[in-house]
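Here are a few exercises to work through with the model open beside you. Try each task before you read its solution.

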Amino acid sequence: MARVLAERHLASGHTAWVAMSEITDGDMAISDLKAREKSIQEVSQSLVEHNAGLAIPSSQHWSFLTQVHGFENIEVKENESVLGLEGDALFTTQEKKVLTIQVADCVPLALTSDCGAIAVIHAGWKGLLNGVIENASEALQKKFPGDQSAVIGPHIGPCCYEYGRKDLDSFIEIFGASVAGVTDASADSLDLMAIVRVVLKERGIELSYRDDSCTSCDSKFWSYRSSGTQKRQSLVAWVEKN
Ligand SMILES: [Zn+2]
């Protein structure tokens, strides 16, 4: 069932909502728009059912990207929705615009800004190397200055993300020793969340909430690493004026 990860009351007088879908809410991958529309309805319904009184913006206000593990971010402006443009982060100050990121192992992340803006970010290993979080945070800060804080959704854990030693070493060189993990089978692994923590700390972004459910261990989520699936759960976020 879809659930609210965080409800943040911002200095601007807005409330930011960050929620996460699960397998039972349907596939949020964008390949089939009709199926996606149905999934949006299911995620909305699931959220309302489990969070009494929550008002979800209607499906025509949902934006999504064709994610390419890059670093481009796209602003959702007034009277607009983004439907499948290439990029890996969305941001907006517009109320009731639902920003979504699709994942099946990568880290889904929302940034809230005290000025009432939000961003959502798709952060896999490639995006993290490309500076996808820094880039989105900077874009948000430039247009809408204010303190930022991060909400992190379920992602693959070091328990399941086996990594070759050589590749792992190149991450350690960039982000430090904390990114080295160990799988349940005692093999080397990459700790994506540790990289995210390093990046947030460098940018001075508070980590306000994180869900460390492992998408590979936990059967509530799709995992590309465990099954090669093309299906995706979604992190969804929006702001509204109180
Ligand atoms: Zn795991």
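**Exercise 1.** Which residue in E14 is the bridge partner of His14?

*Solution.* A word on the model first: it is predicted, so to speak of local features a pLDDT of at least 70 is needed, side-chain atom pairs count only at pLDDT 80 or more, and totals for chains, interfaces and linings use all residues. Residues are numbered from 1 along each chain as its sequence is written.

Step 1: Find strand E14, residues 233–241; strands (E, at least two residues) and helices (H or I, at least four) are DSSP runs, numbered from the N terminus.
Step 2: Look across from His14, and you reach Lys241.
Step 3: Widen the view: E2 and E14 run antiparallel and are joined by seven bridges. Strands pair if DSSP finds at least two bridges between them.

**Exercise 2.** Describe how E2 pairs with E1, and how well E2 is covered.

*Solution.* Step 1: Strand E1 (residues 3–9) pairs with E2 in the antiparallel sense, over six bridges.
Step 2: Opposite Met20 in E2 stands Arg3.
Step 3: Four residues lie between the strands of this hairpin, where Gly13 takes a positive phi near 95°.
Step 4: Six of the seven residues of E2 are buried, meaning that 20 or more other C-beta atoms, placed from the backbone, lie within 10 Å of a residue's own (12 or fewer is exposed, in between is partly exposed).

**Exercise 3.** Place Asp27 and decide: is Asp27 buried or exposed?

*Solution.* Step 1: Asp27 sits in the loop between strand E2 (14–20) and helix H1 (33–50).
Step 2: Count the other C-beta atoms within 10 Å: there are 23, so Asp27 is buried.
Step 3: List its contacts (C-beta atoms, placed from the backbone, within 7 Å). Apart from neighbours within four places in sequence, Asp27 touches Ala35, Ser39, Lys231 and Arg232.
Step 4: Check a distant part of the chain: Ser234 is 207 residues away in sequence, yet its C-alpha atom is 8.5 Å from that of Asp27.

**Exercise 4.** Which residues of H3 are buried, and how are they arranged?

*Solution.* Step 1: Pick out Val132, Ile133, Ala136, Ser137 and Leu140, the buried residues of H3.
Step 2: These residues cover an arc of only 125° around the axis (from the directions to the C-beta atoms), which puts them on the same side of H3.
Step 3: Look for a partner: Val132, Ile133 and Ala136 are among the contacts of Ile121.

Key:
Two residues are in contact if their C-beta atoms, placed from the backbone, lie within 7 Å.
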